[in-house]
Structures are given as C-alpha cells and as structure tokens.
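Let's take a look at how the pieces of this fold fit together. Have the sequence and the 3D view ready.

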Amino acid sequence: MTFIALALLVTACGSSAQTKPLTGVYLALGDSLSEGIGASDAEETSFVALVHDGLGPNIELMNLGAAGNTSRDLIDEQLDRATDEIATRNSDANPENDVAVITLEIGGNDLLEIFFDLVLPGICPNLEDGLNNPECVQKVRETLDTYGPNLDEVLTRLREADPDVPIFLLTLYNPFSGGTAALDELVELALEGRPDTPFPDGLHDIVREQAEAHDAHLVEVYPDFEGKAREYIARDLIHPNDTGYRVMADAVLKEMRDTGLID
C-alpha cells in the first residue's frame, strides 16, 4: 500500500467515526438555573445558552425553565408542554424538528424553602442545632420524601413521551462551599447526606438513583463547585455567576461528548 493510499484510508476511517451533526430541538427543563439567573446575560452566558451553543448550528432551543419552580411546580407548569412537544415532534414525519436532547435540573427551590423558613430565621442555624431540632429534621425528611416521587414522575413521563430521547440530569451545587461554614455543612447534609444522622442519603442520592432507573445521563456538577463559592457564585449568594455557569455547561457538554451525542 502506498503512503498516499494509506493516508486516504486513515482519513476515510476518521471521517466515518465522526458523529452526525445534531439537528432538532434542545429542550431545557428546570428552575432559575435553566433561566440563567445570576448570569450577566442569560441569553449568552447561562449554562443553557452555553450548552445550546456547544450543540452546533442546527439545534433550536426550547427553554421551559422557570425561576422559583420546585420539583412539584415543574410537574404542574412545565411537564405537560414538554411531553406534548416531545410526543408530537418525535412521532411526525419530519426528523429535523425532533426533540433531540433534554437537560433537567431541579430541586434547589425545594431545599431553599427550608433555608428561608428555618435557617435564616435562626430556627436551624447550623448542623448541630438543626439535627437536634425535631422541626428541622421533619422538614428535611418531608422535602426529600416528596422530591423523590416528583423526580420519578418527571422522568417517567418524559420516557413515556419518547423512550429513547437523551436526557441529561444534573446534580446541584453547594453555593456556600468554601464560604460560610455553618451554611456549607447544612447544605452538604441536604445534598449528600451524612452517616450516623437521620439523613444517611441526601437529595443527590435520589438524583443518582432516578438517573439510573430511567436511563438518564448523570451530570455531576456538585464536585466542580466544592470550595468555589467565592469564585463561581453571583452576588446574590445563591446562583452561579458567568464562571459558574461555564463550569456547569462544560460538565454537561463533556457528558454529551462521552456518550457520543456530539463530537
């Protein structure tokens, strides 16, 4: 085989291995993170905008994320529209308008209700006091026990609309990690759980279990934010800034590349 023939063969093999450019619709579901609160320009520097940009020029964005939505709100306010769009688009004769990929992040506002109702007023100001206060323990338990079935319902209905559409499910982040120690510990308990407490499993354990149960791709955002509150969180002390949203988007896009959805 001549050198030129070998070069042509390598080029051809490389070309055949490339992923076909993605077409259709990118559907984003979630809360203020999907809406882009905290970004300098939600249409340019939010994680959804950055993921959309990374998917290539043939993808339309449909962002249903709404600030303030809890997991229950997502079911009541976003899910019907989402499943209708998926079922209609992905069953018609035009593959160019299919919902090609979904991102889903939800749960922050479920936990923020505890923060505003019990932590800020000083009822559960730190981990030790919170674990010794039955009101605090009960509220966290109720929140986690409600969140699991809600997330299961969301993913079940998305899968019923299309069993094969790629879903990328994000863990959350701790906005106080590396900042206020008392708040850092409380949020870490709620998200990751802690042995020898009433909460050996946290909200993220639910996310991971549901991702596996519904064949969703898990995007682990949480580790990337550890110790980074002063770098990745906006002035409101809750939402990511542009740097934080870039980190989130990079995590999503990496998972998409690892699964072969995009190059």
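## The sheet

Start with one pair of residues: Leu-29 sits opposite Leu-104, which belongs to strand 3. Keep in mind that this is a predicted model. Leu-29 is part of strand 1 (residues 24-29), and this strand pairs with strand 3 (residues 99-104) in the parallel sense, over five bridges.

Now zoom out to the sheet. It's an open one, made of five strands in the order 2-1-3-4-5, and the pairing is parallel. At the edges you'll find strand 2 (59-63) and strand 5 (217-219), each pairing on one side only. Ignoring direction, neighbouring strands are turned by 20° against each other on average.

## A helix on the sheet

Helix 13 (residues 242-258) packs on this sheet, where it touches strand 3, strand 4 (167-170) and strand 5. Compare directions, and helix 13 makes about 150° with strand 5.

## Two helices side by side

Next, find helix 6 (residues 108-119) and helix 8 (residues 134-161). Their axes are 10 Å apart, and they pack at an angle of about 165°. Angles over 145 degrees count as roughly antiparallel, so that is what helix 6 is to helix 8. The crossing of helix 6 past helix 8 is right-handed.

Who does the touching? From helix 6 come Asp-110, Leu-111, Glu-113, Ile-114 and Leu-118, and from helix 8 come Glu-135, Cys-136, Lys-139, Val-140, Thr-143 and Tyr-147. Sort the residues of this contact by type and you get six nonpolar, four charged and one polar.

Note on methods
Residues are numbered from 1 along each chain as its sequence is written. This is a predicted model: local features need pLDDT of at least 70, side-chain atom pairs count only at pLDDT 80 or more; totals for chains, interfaces and linings use all residues. Side-chain values use heavy atoms; hydrogens and water are left out. Axes are lines fitted to C-alpha atoms, for helices over the stretch in contact, and angles run from 0 to 180 degrees between N-to-C directions. Helices (H or I, at least four residues) and strands (E, at least two) are DSSP runs, numbered from the N terminus. Angles under 35 degrees count as roughly parallel, over 145 as roughly antiparallel, 65 to 115 as roughly perpendicular and the rest as oblique. A crossing is left-handed if the near helix is turned anticlockwise from the far one by less than a right angle, and right-handed if clockwise. Contact means heavy atoms within 4.5 Å. Ala, Val, Leu, Ile, Met, Phe, Trp, Tyr, Cys and Pro count as nonpolar, Asp, Glu, Lys and Arg as charged, and the others, Gly among them, as polar. Two strands pair if DSSP finds at least two bridges between them.
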